[in-house]
Amino acid sequence: LIGAQFGPNITAMYGDYKKKRGLASLMIAIDPATFISAEYFMTQMDRMVSELHAQPPQPGFDRVQAPGDPEIALEAENRKNGIPVLASIYEYLQGKV
């Protein structure tokens, strides 16, 4: 919608620093309840995610993921084992540096 480059058309991050990369971002917030009920929307989203997860993964992958799946898995891991912190940052926070 805003004319930004995408995929392989984006200029490499490193190399020609004088050439603009043509990056942009666009965020749109839409309240689904404007169009359909919140309950129906959530039901459809649950169905879509279930159907995505049911797809066979490409070779080299364990499963198909939906947006948010990696973050949900990381949160579960961090709740179970704690949030990893570099030793240098931990020492700094403890006043040892």
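## Exercises on a three-helix chain

Buried residues make up just 3% of this chain's 97 residues. Keep in mind that you're looking at a predicted model. Grab the structure and work through the exercises below.

### Exercise 1: Overall build

Work out which helices and strands the chain has, and how its radius of gyration compares with that of a compact globule of 97 residues.

**Solution.**
- Step 1: Start with the elements. You should find three helices and zero strands.
- Step 2: Read along the sequence and write down the pattern, which is α-α-α.
- Step 3: Now for the radius of gyration. A compact globule of 97 residues would come out near 13 Å, but this chain has 21 Å.
- Step 4: Put a box around the C-alpha atoms, along the principal axes. They fill roughly 55 × 45 × 35 Å.
- Step 5: Look at contacts between residues at least 6 apart in sequence. Of these, 9% join residues at least 24 apart.

### Exercise 2: Surface and charge

Find the accessible surface of the chain and the distance between the mean positions of its positive and negative charges.

**Solution.**
- Step 1: The accessible surface adds up to about 9100 Å².
- Step 2: Ask which atoms it belongs to. Carbon and sulfur atoms account for 60% of that surface.
- Step 3: Count the charges: there are 9 positive and 11 negative ones.
- Step 4: Take the mean position of each set, and you get two points 12 Å apart.

### Exercise 3: Two bridges inside helices

The structure holds three salt bridges. Track down the one between Arg47 and Glu51 and the one between Glu75 and Arg79, and say where each sits.

**Solution.**
- Step 1: Begin with Arg47 and Glu51. Their side chains meet at 3.0 Å, N to O. A salt bridge needs the nitrogen and oxygen within 4 Å, so this pair passes.
- Step 2: Place the pair. Both residues belong to helix α1, which covers residues 38-53, and they're four residues apart, about one turn of the helix.
- Step 3: Check exposure. Arg47 is partly exposed at 47% relative accessible area, and Glu51 is partly exposed too, at 43%.
- Step 4: Follow Glu51 a bit further along the chain. Its C-alpha atom is 9.8 Å from that of Ala66, which is 15 residues away in sequence.
- Step 5: Turn to Glu75 and Arg79, whose side chains meet at 2.9 Å, N to O. This pair sits in helix α2 (residues 69-81), again four residues apart, about one turn of the helix.
- Step 6: Compare the labels. Glu75 has 41% relative accessibility and counts as partly exposed, while Arg79, at 66%, counts as exposed.

### Exercise 4: A bridge with a buried partner

Decide whether Asp69 and Arg63 are buried, partly exposed or exposed, and give the distance across their salt bridge.

**Solution.**
- Step 1: Look at the gap. The closest N and O atoms of Asp69 and Arg63 are 3.9 Å apart. Because the cut-off is within 4 Å, the pair still counts as a salt bridge.
- Step 2: Take Asp69. Its relative accessibility is 11%, and buried means under 20%, so Asp69 is buried.
- Step 3: Take Arg63. At 42% it counts as partly exposed.

### Exercise 5: A meeting across the sequence

Find where Leu26 lies and which residues beyond its neighbours within four places in sequence are in contact with Leu26.

**Solution.**
- Step 1: Locate Leu26 in the segment before α1.
- Step 2: Check its exposure: 47% relative accessible area makes Leu26 partly exposed.
- Step 3: Set aside the neighbours within four places in sequence. Leu26 then touches Leu1 and Ile2.
- Step 4: Zoom in on Ile2. Leu26 and Ile2 are 24 residues apart in sequence, yet their C-alpha atoms are 7.6 Å apart in space.

Note on methods: Residues are numbered from 1 along each chain as its sequence is written. This is a predicted model: local features need pLDDT of at least 70, side-chain atom pairs count only at pLDDT 80 or more; totals for chains, interfaces and linings use all residues. Side-chain values use heavy atoms; hydrogens and water are left out. Helices (H or I, at least four residues) and strands (E, at least two) are DSSP runs, numbered from the N terminus. Buried means under 20% relative accessible area, exposed over 50%, partly exposed in between (1.4 Å probe, protein chains only). The radius of gyration is taken over C-alpha atoms; the globule rule is 2.2 Å times the number of residues to the power 0.38. Contact means heavy atoms within 4.5 Å. Accessible areas come from the Shrake-Rupley method with a 1.4 Å probe; for residues, only the protein chains shown count as cover. Lys and Arg count as positive and Asp and Glu as negative; His and the chain ends are not counted. The place of a charge is taken as NZ of Lys, CZ of Arg, CG of Asp or CD of Glu.
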